[in-house]
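Have the sequence and the 3D view open side by side, and let's walk through this protein piece by piece.

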Amino acid sequence: MLRFHSFTHTHNNNLHKKLFISSNFLLSIMPSKFLLNAKPLLSSFSSSSSSYVNVVQNLQNHRVILCSSSPKPINNSRPLSVNNHPRSYYVAPNIPPPVSLEGSTLQSQRLNLVMMKLKELRIEGYEPMPGQYNHLLCPKCEGGDSGEKSLNLHISADGNTAVWYCFRGKCGWTGNTMAVADVSPTYGRSKQITKVKMRTLTEDSLGLEPLGDELLQYFAERMITASTLKRNYVLQKNAGGQIVIAFTYRRDGALVSCKYRDANKIFWQEADTEKIVYGLDDIRNATDIIIVEGECDKLAMEEAGFLNCVSVPEGAPSKVSSKELPPPDQDTKYQFLWNCREYFKKASRIILATDADEPGQALAEELARRLGRERCWRVKWPKKNELENFKDANEVLMYMGPEVLKETIANAELYPIQGLFTFKDYFPEIDAYYHRVLGDEFGISTGWRCLDEYYNIVPGELTIVTGIPNSGKSEWLDALLCNLNQSAGWKFALCSMENKVREHARKLLEKHIKKPFFNVRYGETVERMTLEEFEQGKEWLDSTFHLIRCENDSLPSIKWVLDLAKAAVLRYGIRGLVIDPYNELDHQRHNSMTETEYVSQMLTMVKRFAQHHSCHVWFVAHPKQLQNWTGDPPNLYDISGSAHFINKCDNGIVVHRNRDPEAGPIDRVQICVRKVRNKVAGTIGDAYLTYNRVTGEFVDLRS
């Protein structure tokens, strides 16, 4: 008998792995050159050289020898952990134990190698049957609390490939391994539905028999009657010395598959049978279909009067797949849906009554993706107690009775579709608005009573501010922010490209401290802020304002600004954003896009940011060059670029300063509110403020 024995040398970088064939040949594999050398060890070797060549060629052809080099010693006693690998591809850490070639087929050689690798993964306790499915204890989750055999292991017909999958929703461990390379792997085709010849089943061939008293009593405790069991052809079978439940899967009354359940809640199905839903004949020509997660749930639905119900044949996934929906011929796990597509096509409403746990909800989403969310409804199971809901239909039937189960299905809700809502979805928000829970429903005061009649600050809105150059737009905005911080504690992000940081800091500090920054001409006789006030003001600046600035020569884009503003919302809790001015941004656009189209898209982005983050945005935009200007305030339609500035904004304000001494005081500033979308927060009108040039404050004329 010819056997293979192996050992590994791992003492230095010139590592050689040597494999002895009997006691006569040495196959030495050099990692540096990958040379295969055969050397006679004993002079008494009696076989011919041709016999030796035949052995070597046979090994090379069948790829039985698997060798690899390692720069470090391999600890053969350390088990390979599978706990952190949701999907595994196993590579043997060392050469497999001896495998006999004499008197065995190539299939058995590969099968032995596969079994050795599976044993390293702690997948064991089965009779190796190529081409068949084995239901085993999953070494990763160990079957959960119930210890169910949830691992489905399939070994290919040629014995070279093993593929496994744990059907427990909270586990989902899957992987594959091969005996040798250079053999077309079956796992590579696992996503393609393999067309196999389906077995013809009968109750006699499966050894099925009517339910006995013990199982009838079991179902009775679950509130499922004998008549329901009989109508659904629920039978029993003697499997390995124990009586198990047999759920028969039928199409047009013919038996096409069978699923078993034992006393330990371990499930398995007949191999090489068509995958269909349980209860398929009950939804023929049905316009309303209920889908549940288990056969007992389907039976429970019938007890509540719903015959138009089917169950999925397999368990729920651990989570919703992040991948695109595969084509039907590659949708392996949900092939049962495609096999029954003609039944589901006729339905106008499909109620998803899957389990209340996370895997059950993931199953509902996977079903909705394939069946069409627009015709799906979902069930919300009633409360069991303050902390949890009932899990499924059978549990509701057992504890609450058929009437509550019927009511639960009747109250099913439309399955949510991203972007499509009903007003009911927003009732909590509408209720809070009606009761003024937040306190800012009417807007926040500007700090000037004369202006509050026309304009108040509402979170999530966009205000466009314009005015001719040197009219005080930026100064007025700075004063408004100081007022909002003082009255409501708001924080802000400032994207003010026209201001140097130090100059902007001076203006804000003067308004906050109400003293000039320097003792120079504009300060007149007013005392300069003290060092202590200056230091306190710096702390206020740092805690209230956050700067968005592009420090290189390039112009910032609106997306760049909004991305940083979003970060400021999340990191610092800002409630307001100032972009000043529009013409300092980068406005590159595609050649085919007009400026009007660009401005429309840009303002849409700004409004979405404001609404999604409940952040008020002030956007300063200069007017175009005015022809034959007479000194009156410009109109919002005079803004350079597009009429969309007024069309899309929530509020439109023109800041205008009097320049004619004969027309009135030159320190008078006119705040023209030219658009207010939300009538709760204001209306169109003009307010007048006095500008204090020393401190940069704006004072209400009425005060």
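Contact here means heavy atoms within 4.5 Å. Keep that in mind for E314, which touches F167, Q269, K275 and K333, not counting residues up to four places away in sequence.

Before going on, some ground rules. This is a predicted model, where local features need pLDDT of at least 70 and side-chain atom pairs count only at pLDDT 80 or more, while totals for chains, interfaces and linings use all residues. Residues are numbered from 1 along each chain as its sequence is written, and side-chain values use heavy atoms, with hydrogens and water left out.

**The overall picture**

The protein has 19 helices and 28 strands. These are DSSP runs numbered from the N terminus: helices are H or I with at least four residues, and strands are E with at least two. Of the 703 residues, 45% count as buried. Buried means under 20% relative accessible area, exposed means over 50%, and partly exposed is in between (1.4 Å probe, protein chains only). Among contacts between residues at least 6 apart in sequence, 62% join residues at least 24 apart.

**Back to E314**

Where does E314 sit? You'll find E314 in the loop between β16 and α7. Is E314 buried or exposed? E314 has a relative accessible area of 16%, so it counts as buried. Its side chain makes a polar contact of 2.9 Å with the side chain of K275. A polar contact is a pair of N or O atoms within 3.5 Å; within protein, one must be able to donate a hydrogen and the other to accept it, and residues adjacent in sequence count only if both atoms are side-chain atoms.

**A sheet of 5 strands**

Next, find the open sheet with the order β16-β15-β17-β18-β19 and mixed pairing. Two strands pair if DSSP finds at least two bridges between them. The edge strands, β16 (309-311) and β19 (413-414), each pair on one side only. Inside the sheet, β15 (residues 288-292) runs parallel to β17 (residues 349-353), and 5 bridges join them. I290 stands opposite I351 in β17.

Helices lie across this sheet. Helix α6 (residues 295-303) crosses β15, β16 and β17, at about 170° to β16. Helix α9 (residues 358-371) lies across β15, β17 and β18 (376-378), at about 165° to β17. Axes are lines fitted to C-alpha atoms, for helices over the stretch in contact, and angles run from 0 to 180 degrees between N-to-C directions.

Let's stay with α9. It has 14 residues and reaches 20 Å from its first C-alpha to its last, close to the 20 Å expected at 1.5 Å a residue. That expected span is 1.5 Å times one less than the number of residues. How many residues of α9 are buried? The count is 12 of 14, so α9 is mostly covered. The buried residues of α9 pack against β15, α7 (335-339), α8 (341-345), β17 and β18. At the N-terminal end, D357 acts as a cap, with a side-chain oxygen 2.8 Å from the backbone nitrogen of G360. After α9 comes G372, whose phi is positive, near 100°.

**A sheet of 9 strands**

Now look for the open sheet in the order β22-β21-β23-β24-β20-β25-β26-β27-β28, again with mixed pairing. At its edges stand β22 (545-547) and β28 (698-700), each with a single partner strand, so one side of each has no neighbour in the sheet. Neighbouring strands are turned by 25° against each other on average, direction ignored.

Here are some of its strand pairs:

| Strands | Sense | Bridges | Facing residues |
|---|---|---|---|
| β23 (576-580) and β24 (616-620) | parallel | 4 bridges | I579 and F619 |
| β25 (651-657) and β26 (668-676) | antiparallel | 7 bridges | H656 and Q670 |
| β26 and β27 (685-691) | antiparallel | 6 bridges | V669 and L689 |

In β26, 7 of the 9 residues are buried, so this strand is largely enclosed by the rest of the structure.

**Two helices side by side**

Helix α18 packs on the sheet, touching β20 (462-466), β23 and β24, and its direction makes about 150° with that of β24. The axes of α17 (residues 558-572) and α18 (residues 595-612) come within 11 Å and cross at roughly 5°. That makes the two helices roughly parallel, a label for angles under 35 degrees. Their contact involves residues including L562 and V569 of α17 and M602 and F609 of α18.

How values were computed: Parallel < 35°, antiparallel > 145°, perpendicular 65-115°, else oblique.
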